[in-house]
Amino acid sequence: MSLSLTRKSYFLAALTLLFLSSSWHAVANELPANLQVVLLSKLMPYEKVLSKKPKLSVFVVNNRDVYQAFNLLKAKQRNQQLGTIKFGNELPKKPYDIVFLDQQIDLSDALIYSLKHTSLLVTNDIDMVKQGITLGLSVKNGRPIFYLNKKSSDATGLSWDKTVLDIVTLYN
């Protein structure tokens, strides 16, 4: 009986450590790529310009996990709105509706691209949203958080439904 109690104690201790380490990991790091993509896809119907397009083109810069998550979402047909999905190490030459960026991209080039092509710029780096990237996804206290640079969004010609504006953290 004491052996059984000891095994249960070790199991509970291991489970507690696993829970604590995964909670800390979720708070300390960005959202998993698949969750970022699913959450982003849930927001798209609430943006007036992009929601009118039959298929959205997506370009992912330097983030293979996000690229694969977009392809997986498209393959599972959980989002009929996704069209072309491409990956590259720099901003694309042709227009894309959504461009998912990382920290290695020159911010001014990205903003010029966005204005020229009416593209939604997305990142998981909140500092980039503060500096002008349109939309950011992150985690705070274990919960997903959206950040929207309203000034950048307005300049690009994007128009968000009030539902989105009520749930995002706004930067102007």
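Guide: A pocket is an open set of points on a 1 Å grid over the protein atoms alone, with protein on both sides within 12 Å along at least five of seven lines, and its lining residues have an atom within 4 Å of a point. Its volume is the space filled by probe spheres set on the points, which are joined across faces, edges and corners. The model here is predicted: local features need pLDDT of at least 70, side-chain atom pairs count only at pLDDT 80 or more, and totals for chains, interfaces and linings use all residues. Residues are numbered from 1 along each chain as its sequence is written, and side-chain values use heavy atoms, without hydrogens and water.

Visitor: How much space lies in the largest pocket?

Guide: The lining of this pocket includes Leu111, Lys130, Asn149 and Asn172. The space in the pocket is about 150 Å³.

Visitor: Which helix gives the most to the lining of the largest pocket?

Guide: Helices (H or I, at least four residues) and strands (E, at least two) are DSSP runs numbered from the N terminus. At least two lining residues come from each of H5 and H7. With 4 residues, the top contributor is H7.

Visitor: Why are the buried residues of H5 on the same side?

Guide: Helix H5 spans residues 107–117, and its buried residues (under 20% relative accessible area, 1.4 Å probe, protein chains only) are Ala110, Tyr113, Ser114 and His117. They share a side because the arc they cover around the axis, taken from the directions to the C-beta atoms, is only 100°.

Visitor: Which residues are exposed on the other side of H5?

Guide: The buried residues of H5 are covered by elements including strand S3 (98–101), strand S4 (120–123) and helix H7 (150–156). On the other side, the exposed residues (over 50%) are Ile112 and Lys116.

Visitor: Which element gives the most to the largest nonpolar core?

Guide: A nonpolar core is a set of buried Ala, Val, Leu, Ile, Met, Phe, Trp, Tyr and Cys residues joined through side-chain atoms within 4.5 Å. The largest has 30 residues, and those touching the most other members include Leu40, Met44 and Trp160. Elements that give two or more residues include H2 (33–43), S1 (56–61) and H4 (64–75). With 5 residues, the top contributor is H2.

Visitor: What share of the contacts joins residues 24 or more positions apart?

Guide: Contact means heavy atoms within 4.5 Å. Leaving aside neighbours within four places in sequence, Met44 has contacts that include Leu50, Ile98, Leu120 and Trp160. Among contacts in the protein with a separation of 6 or more, the share is 53%.

Terms used: On a 1 Å grid over the protein atoms alone, a cavity is a set of points where a 1.4 Å probe fits but cannot get out, and a pocket is an open set with protein on both sides within 12 Å along at least five of seven lines; lining residues have an atom within 4 Å of a point.
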